[in-house]
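Me: I am new to this one. Could you show it to me and then let me ask why things are called what they are?

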Amino acid sequence: MPRFATLDDLRRACSDLPLIDPKAAEAARLRQGVLTKPPGSLGRLEEIAIRLAGWQGKERPALQRVSAIVFAGSHGVTARGVSAFPAEVTAQMVANFAAGGAAINQLAKAAGAELSVVPLDIDKPTADFTQAPAMDDDAFLTAVSTGHDAVAQDADLIVLGEMGIGNTTVAAAVAAGLFGGNGGEWAGRGTGVDDAGLKRKAEVIDEGLTRHAGRLGDPLAVLAALGGRELAAIFGATLAARRHRIPVVLDGFVCTAAAAPLAKLSAGGLDHAIAGHVSAEAAHRRLLEALSLSPLLDLGMRLGEASGACLAVNILRSALACHNGMASFAEAGVSEG
Ligand SMILES: O=C(O)c1ccc[n+]([C@@H]2O[C@H](COP(=O)([O-])O)[C@@H](O)[C@H]2O)c1
Ligand SMILES: Cc1cc2nc[nH]c2cc1C
């Protein structure tokens with residue numbers, strides 16, 4: 001029996017989310033004000049330190065245990081020719097992650113993150129969403145529960161990413177289902193489709209939106225009908241992190257689309273989430289704006305795998321090095337302005 005046995009169980013868990021610890025956040029804000037720098041001069045690094053303090057419930061937050069989790073899934077919609085790469089690359093890349101040969105292996109190491117890879121039935125693609133819901137309730141709840149339970153309660157930070165050929169089409173369909181608009185507005189080039197591929201993606205997304213029009217008012221139904229197992233797992237992991245008050249770093253377009261239903265289900269549902277970067281996938285910027293998330297990095301990356309999110313962990317570490325390690329004006333004998 002999965003942790004969430006029914007959609008109602010899951011809906012309940014999403015509607016009763018813990019909030020930031022205002023005392024710890026305020027203590028961190030006061031500390032930022034007495035460190036040896038003009039107030040505000042560390043820009044967003046200050047805000048990052050205060051938010052991490054609030055979610056961890058400590059004036060001086062830590063990044064001792066950083067857990068990066070990459071979820072992998074396979075998509076029936078790949079049969080529609082929506083990716084520049086064949087569907088078998090998903091399993092091949094999962095093997096490459098295990099062997100240590102992927103970009104994320106290097107970026108996780110460089111960021112001081114432990115990497116887990118969680119394949120979700122990758123030998124069983126979800127249904128093509130133009131023909132049927134991608135997942136039935138059981139498959140959806142199992143994937144959400146797996147993602148939820150992949151989050152270690154003692155982690156200081158959760159970093160999320162994915163691998164799944166075809167999933168930029170899936171993410172675009174989910175984003176359109178949640179926020180409105182058509183395939184043309186949300187489709188991008190993903191792994192590098194040409195103009196004909198991009199047109200096909202837009203059409204496939206529109207077909208999915210038409211087929212599942214009756215479900216678009218329910219964010220969980222959107223994720224089940226138009227999403228995929230790795231997106232459902234990212235949603236579950238984002239929810240688990242929130243329930244344990246662990247801050248989360250989101251990766252690219254696919255990861256952001258996967259987490260988005262939580263913001264739709266509960267106001268402030270993604271307040272514990274930091275957008276690690278904005279990817280080169282055309283609609284990522286639009287999606288981040290719809291969620292009022294401001295990305296830390298804009299490096300033209302479009303890999304997925306938690307790569308941009310892991311890179312952003314280095315910024316979080318630097319923010320905390322200053323916050324925890326700097327001297328105050330009084331300690332250093334520096335005159336205040
Ligand atoms: O998340 C993003 O911003 C992103 C942008 C472009 C590509 N990807 C990755 O590329 C794969 C999906 O691309 P595609 O063309 O097969 O839909 C999948 O494995 C993602 O991790 C991811
Ligand atoms: C090689 C390759 C690596 C990836 N990593 C995440 N998505 C990917 C897609 C491809 C095609």
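Reply: Start with one term. A residue is buried if 20 or more other C-beta atoms lie within 10 Å of its own. By that rule, the buried residues of α6 are A139, F140, L141, T142, A143, V144, S145, T146, G147 and H148. Keep in mind that this is a predicted model.

Me: What makes α6 mostly covered?

Reply: The count does. Of the 13 residues in α6, 10 are buried. Those buried residues pack against two strands, β1 (66-72) and β2 (114-119), and against the helices α1 (7-15), α10 (219-226) and α11 (229-243).

Me: How do you know that the span of α6 agrees with its number of residues?

Reply: Set one value against the other. The expected span is 1.5 Å times one less than the number of residues. Helix α6 runs over residues 137-149, which is 13 residues, so 18 Å is expected. The C-alpha atoms at its ends are 18 Å apart, and the two values agree.

Me: Why is the chain called as compact as a globular protein of its length?

Reply: First, the parts: the chain has 15 helices and five strands. Its radius of gyration is 20 Å, and the globule rule gives 20 Å for 337 residues, so the chain is as compact as a globular protein of that length. Its C-alpha atoms fill a box of roughly 70 × 40 × 35 Å along the principal axes. As for burial, 53% of the 337 residues count as buried.

Me: How much of the contact in the chain joins residues 24 or more positions apart?

Reply: Take the contacts with a separation of 6 or more. Residues 24 or more positions apart account for 79% of them.

Me: Why is β3 called largely enclosed?

Reply: Seven of its seven residues are buried, so the rest of the structure largely encloses β3. Look at the faces too. In a regular strand, side chains alternate between the two faces of the sheet. On one side of β3 sit L157, V159, G161 and M163, on the other I158, L160 and E162, and all are buried.

Me: What makes β3 and β4 a pair?

Reply: Pairing needs at least two bridges. β3 and strand β4 (residues 248-250) have two, in the parallel sense. The partner of I158 in β4 is V248.

Me: How many bridges does β3 make with β1?

Reply: Seven, again in the parallel sense. S67 stands opposite I158, and A68 has V159 as its bridge partner.

Me: How do you know that both faces of β1 are covered?

Reply: Check each side. V66, A68, V70 and A72 lie on one, S67, I69 and F71 on the other, and all are buried. That fits the count for the strand, seven of seven residues buried. β1 also runs parallel to β2, with six bridges joining them. One of the matches is A72 with P119 in β2.

Me: Why does M93 count as buried?

Reply: The cut-off is 20 other C-beta atoms within 10 Å. M93 has 23 such neighbours, so M93 counts as buried. This residue is in helix α4 (residues 89-99). Leaving aside neighbours within four places in sequence, M93 is in contact with A102 and M163.

Me: What surrounds ligand 2?

Reply: M93 is one of the residues there, with F85, V89, M163, T191, L303, G304 and E305. By class, the shell has five nonpolar, two polar and one charged residues.

Me: Which residues come nearest to ligand 1?

Reply: S83, G190, G252, S279 and G304, out of 23 around ligand 1. The shell divides into 12 polar, seven nonpolar and four charged. β3 (157-163), α7 (167-179) and α12 (253-265) each supply at least two of its residues.

Me: How do you know whether F129 is buried or exposed?

Reply: Use the cut-off of 20 once more. F129 has 30 other C-beta atoms within 10 Å, so F129 is buried. F129 is found in the loop between β2 and α6. Not counting residues up to four places away in sequence, F129 touches V77, A134, A173, G208, A225 and L226. The C-alpha atoms of F129 and G228 are separated by 9.5 Å, though the two residues are 99 apart along the chain.

Notes. Residues are numbered from 1 along each chain as its sequence is written. Chains are lettered from A and ligands numbered from 1 in the order in which they are written. This is a predicted model: local features need pLDDT of at least 70, side-chain atom pairs count only at pLDDT 80 or more; totals for chains, interfaces and linings use all residues. A residue is near a molecule or strand if its C-beta atom, placed from the backbone, lies within 6 Å of it. Helices (H or I, at least four residues) and strands (E, at least two) are DSSP runs, numbered from the N terminus. Ala, Val, Leu, Ile, Met, Phe, Trp, Tyr, Cys and Pro count as nonpolar, Asp, Glu, Lys and Arg as charged, and the others, Gly among them, as polar. The radius of gyration is taken over C-alpha atoms; the globule rule is 2.2 Å times the number of residues to the power 0.38. A residue is buried if 20 or more other C-beta atoms lie within 10 Å of its own, exposed if 12 or fewer, and partly exposed in between; C-beta atoms are placed from the backbone. Two residues are in contact if their C-beta atoms, placed from the backbone, lie within 7 Å.
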